Every structure is written in structure tokens, then in C-alpha cells.
Amino acid sequence: MKKLLSTKYSTGAFNIAMLLLRISTGVLMMNHGYGKLMHFSEYSTKFMNFMGLGSTISLSLALFAEFFCSMFLILGLFTRFAAIPLIVTMCVVLFQVHKADFFGDGETPVLFLTAYIVLLLVGPGKVSVDSMIGK
């Protein structure tokens with residue numbers, strides 16, 4: 001019971017927690033990107049036109065973030081750089097698509113956004129490719 005209430009943590013527990021955060025958010029977001037990748041042609045005509053870029057370019061940017069950057073997160077490769085497009089994408093989803101409805105439809109993007117900000121600030125942990133190559 002004393003250990004459960006303790007504020008101390010071990011390095012191993014921290015690294016496992018970061019691994020779980022990377023893998024869980026990466027796999028869940030990669031699923032969103034995979035759907036966009038498989039149905040790119042039909043989504044490209046009806047996707048949101050963000051900042052006048054066009055729906056195809058907006059879809060391509062979202063697809064890059066959701067699928068490829070999520071793959072980098074899962075591997076722990078370029079983790080902080082991969083988190084940046086995901087943060088931008090979640091901000092667009094939260095503020096443009098869900099109209100900043102934090103406690104309604106925008107709840108899921110808020111959770112993803114929080115996880116990506118944590119990964120940007122803290123990094124991937126020791127169980128990652130970044131750690132193995134010394135970044």
C-alpha cells in the first residue's frame with residue numbers, strides 16, 4: 001500500500017509507460033490514417049478544405065500525420081518530430097471540425113492531443129529506436 005501511494009517512480013516504470021503511450025496512441029491513430037489511405041480517392045473529394053489548400057492536399061497532410069507519423073511513434077523513431085504533425089492535426093480536428101467542443105465530440109482529439117504533447121515534451125523513453133541510435 002505504501003508503494004501505491006508513493007510519488008517516487010523507477011526509470012524502468014517510466015520507460016515502460018512511455019512505450020505503452022507511444023504504442024497505444026500510435027496504433028489507435030494509425031487506424032484512422034489507414035482508413036483514409038485505403039479510401040483516398042473517395043475521401044479526397046469530400047474532405048475538409050483547410051485554409052484554402054484544397055481537399056486533396058488537406059487529406060494528404062492528415063494522412064501523413066495519422067498514418068506515417070503514427071508509425072514513427074510506434075517505432076520510437078524521430079518521436080518528437082513525428083509528434084508535431086500529429087499535434088497540428090489534432091488541433092485542426094478539435095478547433096475546426098469539432099468547434100472546440102472539449103467535453104462533447106472533441107473529447108477524443110483532446111485525449112490524443114494531450115498524449116502527443118506529452119511525447120513531444122518528454123520524448124520516447126529508452127525502449128525506442130531513438131534511444132538505440134543515441135538521439
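I started with Phe78, which comes out partly exposed because its relative accessibility is 34%, between the 20% cut-off for buried and the 50% cut-off for exposed. This is a predicted model, so I keep that in mind throughout. I then looked up where Phe78 sits, and it is in the loop between helix 3 and helix 4. I also checked Phe78 against Ser60: the two are 18 residues apart in sequence, and their C-alpha atoms are 20 Å apart in space.

**Confidence**

I wanted to know how far to trust the model. The average pLDDT for the protein is 89, and 99% of the residues score at least 70. Which element has the highest mean pLDDT? Helix 5 does, at 95, while helix 2 (residues 40–46) has the lowest, at 85.

**Aromatic pairs**

I went through the rings next and found 5 aromatic pairs in the structure. Phe72 and Phe78 make one of them: the ring centres are 6.0 Å apart and the planes stand at 80°, so I noted the pair as edge-to-face. Phe72 is partly exposed, with a relative accessibility of 29%.

Phe112 and Tyr116 form a pair with centres 6.0 Å apart, but here the planes are at 20°, so this pair is stacked. The cut-off for stacked is under 30 degrees, and edge-to-face needs over 60. Both Phe112 and Tyr116 belong to helix 5 (residues 107–122), where they are 4 residues apart, about one turn of the helix. I looked up their accessibility too: Phe112 is buried at 9%, and Tyr116 is buried at 0%.

I also noted a cluster in which ring pairs link Tyr34, Phe67 and Phe68.

**Helix 5**

I stayed with helix 5 for a while. It has 16 residues and runs 23 Å from first C-alpha to last, close to the expected 22 Å. Which residues of helix 5 are buried? I have Pro109, Phe112, Leu113, Ala115, Tyr116 and Leu119 on my list. Looking down the axis, I see these buried residues fall within an arc of 165°, so they line one face of the helix. Leu111 and Leu121 are exposed on the other side.

What do the buried residues of helix 5 pack against? I get helix 1 (11–38), helix 3 (55–75) and helix 4 (79–97). Just past the end of helix 5, I noted that Gly123 has a positive phi of about 95°.

**Nonpolar core**

Last, I pulled up the largest nonpolar core, which has 15 residues. Met29, Leu73, Leu86, Met90 and Tyr116 have the most contacts inside it. Helix 1, helix 3, helix 4 and helix 5 each put in at least two residues. Which helix gives the most to this core? Helix 4 does, with 6 residues.

I followed Leu73 a bit further. Leaving out residues up to four places away in sequence, Leu73 touches Arg22, Thr25, Thr79, Ala82, Leu86, Tyr116 and Leu119. Tyr116 turned up again here, having already appeared in the stacked pair with Phe112 and among the buried residues of helix 5.

Key
Residues are numbered from 1 along each chain as its sequence is written. This is a predicted model: local features need pLDDT of at least 70, side-chain atom pairs count only at pLDDT 80 or more; totals for chains, interfaces and linings use all residues. Side-chain values use heavy atoms; hydrogens and water are left out. Rings of Phe, Tyr and Trp (its six-membered ring) pair if their centres lie within 6.5 Å; planes under 30 degrees apart count as stacked, over 60 as edge-to-face and the rest as tilted. Buried means under 20% relative accessible area, exposed over 50%, partly exposed in between (1.4 Å probe, protein chains only). The expected span of a helix is 1.5 Å times one less than its number of residues. The arc is that of the directions from the helix axis to the C-beta atoms. Contact means heavy atoms within 4.5 Å. pLDDT is the predictor's confidence in each residue, from 0 to 100. A nonpolar core is a set of buried Ala, Val, Leu, Ile, Met, Phe, Trp, Tyr and Cys residues joined through side-chain atoms within 4.5 Å.
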